[in-house]
Amino acid sequence: MWINNQSSLDDFILLGFSDRPWLETPLFVIFLVAYIFALFGNISIILVSHLDPQLDSPMYFFLSNLSFLDLCYTTSTVPQMLVNLRGPEKTISYGGCVAQLYIFLALGSTECTLLAVMAFDRYVAICKPLHYPIIMNQRHCIYMATGTWISGFANSLVQSTLTVLAPRCGQRVMDHFFCEVPVLLKLACTDIHINEAEFNVLGALLILVPLTLILGTYVFIAQAVMRIRSAESRWKAFNTCASHLLVVSLFYFTAISMYVQPPSSYSRDRGKIMALFYGIVTPTLNPFIYTLRNKDVKAALRRVVAKEFWVKTR
């Protein structure tokens, strides 16, 4: 009855976990805590990267871009999820759904290419250290970062437009907790083979191509590291790449399992689990992966905190 009484014909119904109401309260607490940690971690990295002069390098420029992206990533979905988990109305407006679809897809596409750019930065730093200041100068870094954002939003414009334009014949009930391409395409009441073909091609281009470049880059990095005679230098070189590799593994594992498949084969339960993973878990873990494994970031955090404390106590 709540679907009929509390939703207009322009709204989408997000069932989420309404089939398991006993899960909603604990999930609300978990998502809220995860969102707070994601906000704190990503904002901290952005501030530290800009406030500490010792982190004024291409690596931390791209890291702050990743943190800003993850900050927007979680904000595009989690607040709506929290509202739907606590209230009886499990709806999202048509405009809100389209905006969420476009922004979420744009940010995910941007992260695919941004992680590849970050791998290239590590390749130049380790394999061509003498040319690093020239290749990764400020202007080139800005161009590369801008290119990742433009490509991500351009891809989202194509995919989200084709998804929204697919006729749904009045169907508006989604067994999910936010608006996503596979879920919306399952509402289509017409042949979506063209949409699926476009979906798979763009998915392969934006996921598999950057992933191939990342893996190829790390082959060259591994070869260069193995030629370093000093064990301490080898460990330092490996340590600068380990955090990025872990983030890449977390992101691409879930992205491939979700987006490199026909939407018609989309599994409801697996889709929810994967969406939770790359929509909440990965953006929450990313800043802590970098800070816990990176001595420079931890030292910069201590310097910034000590400086703020000193200023306030004077």
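**A predicted helical protein, in questions**

Biologist: As what does Val-209 count at 40% relative accessibility: buried, exposed or partly exposed?
Modeller: This is a predicted model, where local features need pLDDT of at least 70, side-chain atom pairs count only at pLDDT 80 or more, and totals for chains, interfaces and linings use all residues. Residues are numbered from 1 along each chain as its sequence is written, and side-chain values use heavy atoms, with hydrogens and water left out. Buried means under 20% relative accessible area, exposed means over 50%, and partly exposed lies in between (1.4 Å probe, protein chains only). At 40%, therefore, Val-209 is partly exposed.

Biologist: Which helix holds Val-209?
Modeller: Helices are DSSP runs of H or I with at least four residues, strands are runs of E with at least two, and both are numbered from the N terminus. The run with Val-209 covers residues 193-226. That is helix 9.

Biologist: Which residues join Val-209 in a nonpolar patch on the surface?
Modeller: Patch members have over 30% relative accessible area and no salt bridge; like charges are joined within 9 Å, and nonpolar side chains (Val, Leu, Ile, Met, Phe, Trp, Tyr) within 5 Å. Together the patch has about 360 Å² of accessible area (Shrake-Rupley method, 1.4 Å probe; for residues, only the protein chains shown count as cover). The partners of Val-209 are Val-201, Leu-205 and Leu-213.

Biologist: What share of the whole protein is buried?
Modeller: The fold has 12 helices and three strands. It exposes about 15,800 Å², and carbon and sulfur atoms supply 69% of that. Of its 314 residues, the buried share is 50%.

Biologist: What part of the contacts with a separation of 6 or more joins residues 24 or more positions apart?
Modeller: A contact means heavy atoms within 4.5 Å. Pairs 24 or more positions apart account for 80%.

Biologist: How many salt bridges does the whole structure have?
Modeller: Side chains of opposite charge can pair when their charged atoms come close. A salt bridge is a side-chain nitrogen of Lys or Arg within 4 Å of a carboxyl oxygen of Asp or Glu. Asp-121 and Arg-122 form one at 2.9 Å, and both are buried. The search of the whole structure finds two.

Biologist: Which residue pairs with Lys-90 in a salt bridge?
Modeller: The N to O distance is 3.1 Å. Lys-90 sits in the loop between helix 4 (78-86) and strand 2 (91-93), while its partner is in helix 2 (residues 24-51), 66 residues apart. Both are buried. The partner is Glu-24.

Biologist: How far is Ile-92 from Asp-10 in space?
Modeller: Ile-92 is in strand 2 and is buried at 6% relative accessibility. Its contacts beyond four places in sequence include Asp-11, Phe-12 and Leu-14. Asp-10 is 82 residues away in sequence, but the C-alpha to C-alpha distance is 9.0 Å.

Biologist: How many of the 34 residues of helix 5 are buried?
Modeller: Helix 5 (residues 94-127) reaches 50 Å from first C-alpha to last. That is close to the expected 50 Å, where the expected span is 1.5 Å times one less than the number of residues. Helix 5 is largely enclosed by the rest of the structure, because its buried residues number 24.

Biologist: Which helices do the buried residues of helix 7 pack against?
Modeller: Helix 7 (residues 138-165) contains Thr-148, which is buried at 3%. Thr-148 is in contact with Thr-110, Thr-113, Leu-114 and Val-117. Ala-145, also in helix 7, is in contact with Phe-61, Phe-62 and Asn-65. The packing partners are helix 3 (58-75), helix 5, helix 8 (181-185) and helix 9.

Biologist: Which residue has a backbone oxygen 2.6 Å from a side-chain polar atom of Thr-284?
Modeller: Thr-284 lies in helix 11 (residues 268-293) and is buried at 10%. A polar contact is a pair of N or O atoms within 3.5 Å; within protein, one must be able to donate a hydrogen and the other to accept it, and residues adjacent in sequence count only if both atoms are side-chain atoms. Thr-284 also touches Ala-34, Phe-37 and Ala-38. The backbone oxygen belongs to Ile-280.
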